[in-house]
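Trainee: Could you take a close look at one helix with me, and at what packs against it? I would love a connected account rather than a list.

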Amino acid sequence: MKNHDEILGVSRDASYEQIKEEYRKLSFKFHQDNNDGDKYFNDMFKQVNEAYETLYNEFKRLKYDEALSKYG
């Protein structure tokens, strides 16, 4: 299971504002327009987007936290 907190570099109890701030930094860093379409950066950009979509959505975040607690 991917650890979305680690991908964004935030703590498990990060606020929505912290999540949004880190997402903006990383999405700019890994965006294809800034990296000539490099595969690594494209993959990282997708991971950052997935992490943000999960952690910023209250329902998805709750489900993610429940699943993460099952895995330890």
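Mentor: Happy to; we will start with the whole chain and then turn to helix α3 and its neighbours.

A word on the ground rules: this is a predicted model, in which local features need pLDDT of at least 70 and side-chain atom pairs count only at pLDDT 80 or more, while totals for chains, interfaces and linings use all residues. Residues are numbered from 1 along each chain as its sequence is written, and side-chain values use heavy atoms, with hydrogens and water left out.

The protein chain has four helices and zero strands, where helices (H or I, at least four residues) and strands (E, at least two) are DSSP runs numbered from the N terminus. Its C-alpha atoms fill a box of roughly 40 × 25 × 15 Å along the principal axes. Of the 72 residues, 31% are buried, meaning under 20% relative accessible area with a 1.4 Å probe, protein chains only.

Now to α3, which spans residues 39-56. Helix α2 (residues 16-30) packs against α3 at an angle of about 165°, with the axes 9 Å apart. Here axes are lines fitted to C-alpha atoms, for helices over the stretch in contact, and angles run from 0 to 180 degrees between N-to-C directions. The two helices are therefore roughly antiparallel, the word for angles over 145 degrees. From α2, the residues in contact (heavy atoms within 4.5 Å) include Y16, I19, Y23 and F30; on the α3 side, F41, M44, F45 and V48 are among them. By class, this contact has 13 nonpolar, two polar and two charged residues. Nonpolar covers Ala, Val, Leu, Ile, Met, Phe, Trp, Tyr, Cys and Pro, charged covers Asp, Glu, Lys and Arg, and the others, Gly among them, count as polar.

α3 also packs against helix α4 (residues 58-71), at an angle of about 100° and with axes 5 Å apart. That makes α3 roughly perpendicular to α4, a term for angles of 65 to 115 degrees. E53, T54, L55 and Y56 in α3 meet E58, K60, R61 and Y64 in α4. This contact divides into three nonpolar, one polar and four charged residues.

T54 is worth a closer look, as part of α3. At 13% relative accessibility, T54 counts as buried. Leaving aside residues up to four places away in sequence, T54 touches H4, K60, R61 and Y64. T54 and K20 lie 34 residues apart in sequence and 12 Å apart in space, C-alpha to C-alpha.

Key
Parallel < 35°, antiparallel > 145°, perpendicular 65-115°, else oblique. Buried < 20%, exposed > 50% of the residue type's maximum accessible area, 1.4 Å probe, protein only.
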